[in-house]
Amino acid sequence: MKVNKAEFIISNSDVKKCPAEILPEYAFIGRSNVGKSSLINMLTGRKALAKVSGKPGKTQLINHFKINDNWFLVDLPGYGYAKVSKSTKGIFQKFITEYFEKREQLVCGFVLIDVRLEPQKIDVEFMSYLGNAGVPFCIIFTKADKLTKSKAMQNIAAYKKVLLAGDWEEFPTYFLTSSASGEGQDEVLQFINDVNTD
Ligand code: GDP
């Protein structure tokens with residue numbers, strides 16, 4: 001799929017105010033600074049559709065973008081920055097969990113993970129939350145240009161080990177991407193296109 005049109009539609013923190021239009025929706029989420037804005041810009045071929053910021057924790061809204069007039073790309077707030085909380089509920093803001101639990105148009109979530117890191121508790125917790133809530137999701141490993149392919153595969157294997165040691169029967173579909181090199185762009189867009197045309 002080629003992105004010919006990418007329009008910002010609305011930002012808000014209320015799931016009820018998300019666009020009423022029924023289009024398949026794909027939501028991007030991850031820890032602050034994981035490279036989510038850069039990835040959204042890379043996927044859509046736009047320099048500044050999502051705001052890339054050096055300051056983590058900036059985007060605290062649900063942002064809807066309409067792509068090619070036929071699907072929504074949703075940029076969700078980064079989690080896990082400067083928030084110390086004992087419960088998962090407290091870490092993931094209520095409107096984020098409401099979004100995943102109530103947004104009927106949601107087809108698939110993309111959980112972004114920095115491929116340089118060992119499995120992080122908060123990411124594993126978030127994926128467990130999605131799994132338990134029955135939300136379909138894929139994993140997008142980011143910043144692949146920052147390490148060798150073999151190291152990246154080692155880190156992905158570590159995630160597989162952690163998730164499969166839990167209740168998981170299979171590892172989610174995953175992508176290895178780099179916003180710096182464009183790696184993974186075709187694969188992610190192809191996946192969305194395939195799901196949309198199924
Ligand atoms: P967000 O907070 O998740 O939206 O993350 P940003 O997209 O703002 O990126 C955070 C920082 O990581 C910025 O300094 C980006 O330039 C950098 N970054 C993001 N993606 C990549 C990538 O694929 N490769 C490299 N080398 N740097 C990246």
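# A guided reading of a seven-stranded sheet

In strand S4, Trp-71, Leu-73 and Asp-75 point one way, while Phe-72 and Val-74 point the other way, and all of these residues are buried. This arrangement can be read against a general rule: in a regular strand the side chains alternate between the two faces of the sheet. Because five of the five residues of S4 are buried, this strand is largely enclosed by the rest of the structure.

The model under discussion is a predicted one. The protein averages a pLDDT of 89, and 90% of the residues score at least 70. For the model, the scores are ipTM 0.99 and pTM 0.93.

From strand S4 the view may now be widened to the sheet. Seven strands form an open sheet in the order S1-S3-S4-S2-S5-S6-S7, and their pairing is mixed. Strand S1 (6-12) and strand S7 (174-176) stand at the edges; each has a single partner strand, so one side of each is left without a neighbour in the sheet. From one strand to the next, the twist averages 20°. In general, the strands of a sheet pair through backbone hydrogen bonds, either parallel or antiparallel.

Both kinds of pairing can be followed from S4. With S3 it pairs in the antiparallel sense over five bridges, and here Phe-65 stands opposite Leu-73 in S4. With S2, by contrast, S4 pairs in the parallel sense over four bridges, and the partner of Tyr-26 in S4 is Leu-73. Leu-73 thus appears in both pairings because it is the residue opposite Phe-65 and also the bridge partner of Tyr-26. The sheet continues from S2 (residues 25-30) to S5 (residues 106-114), which run parallel and are joined by six bridges. In this pair, the bridge partner of Phe-28 is Phe-110 in S5. Helix H1 (residues 36-44) packs on the sheet, where it touches S1, S2, strand S3 (62-67), strand S4 (71-75), S5 and strand S6 (137-142). The direction of H1 makes about 145° with that of S2.

Beyond S5 comes S6, and these two strands also run parallel, joined by six bridges. Leu-112 stands opposite Ile-140 in S6. Five of the six residues of S6 are buried, so this strand, too, is largely enclosed by the rest of the structure.

What lies in the interior? In soluble globular proteins, nonpolar side chains tend to be buried together. Here, the largest nonpolar core has 43 residues, and those with the most contacts inside it are Phe-28, Val-111 and Leu-112. Strand S5 contributes five residues, the largest share of this core. The surroundings of Val-111 illustrate the packing: not counting residues up to four places away in sequence, Val-111 touches Ile-29, Gly-30, Asp-123, Phe-126, Met-127, Phe-137 and Ile-139.

Helix H3 (residues 94-102) shows how a helix can have two distinct sides. Its residues Ile-96, Tyr-99 and Phe-100 are buried. These three cover an arc of only 90° around the axis, which puts them on the same side of H3. Lys-94, Glu-101 and Lys-102, on the other side of H3, are exposed. What covers the buried residues of H3? The cover includes S3, S5 and helix H4 (121-133).

The loops deserve attention as well. The hairpin of S3 and S4 has three residues between the strands, and one of its residues, Asn-68, takes a positive phi near 50°. Asn-68 has this positive value although it is a residue other than glycine. Asp-69 lies in the loop between S3 and S4, and its phi is also positive, about 60°, although Asp-69 is not a glycine. Are these two loop residues buried or exposed? Asn-68 has 15 C-beta neighbours inside 10 Å and therefore counts as partly exposed. Asp-69 has 9 such neighbours inside 10 Å, so it counts as exposed.

A further loop lies between S6 and helix H5 (149-165), and Leu-147 is found there. Leu-147 is partly exposed because 13 other C-beta atoms lie within 10 Å. Although Leu-147 and Val-115 are 32 residues apart along the chain, their C-alpha atoms are separated by 8.4 Å. Not counting residues up to four places away in sequence, Leu-147 touches Val-115, Arg-116 and Ala-152.

Terms used:
Residues numbered from 1 in each chain as written. Predicted model: local features only at pLDDT ≥ 70, side-chain atom pairs only at ≥ 80, totals over all residues. pLDDT = per-residue confidence, 0-100. Pairing = 2+ DSSP bridges. Axes fitted to C-alpha atoms, helices over the stretch in contact; angles between N-to-C directions. Contact = placed C-beta atoms within 7 Å. Core = buried A, V, L, I, M, F, W, Y, C linked by C-beta atoms within 7 Å. Buried ≥ 20, exposed ≤ 12 C-beta atoms within 10 Å, placed from the backbone. Arc of directions from axis to C-beta.
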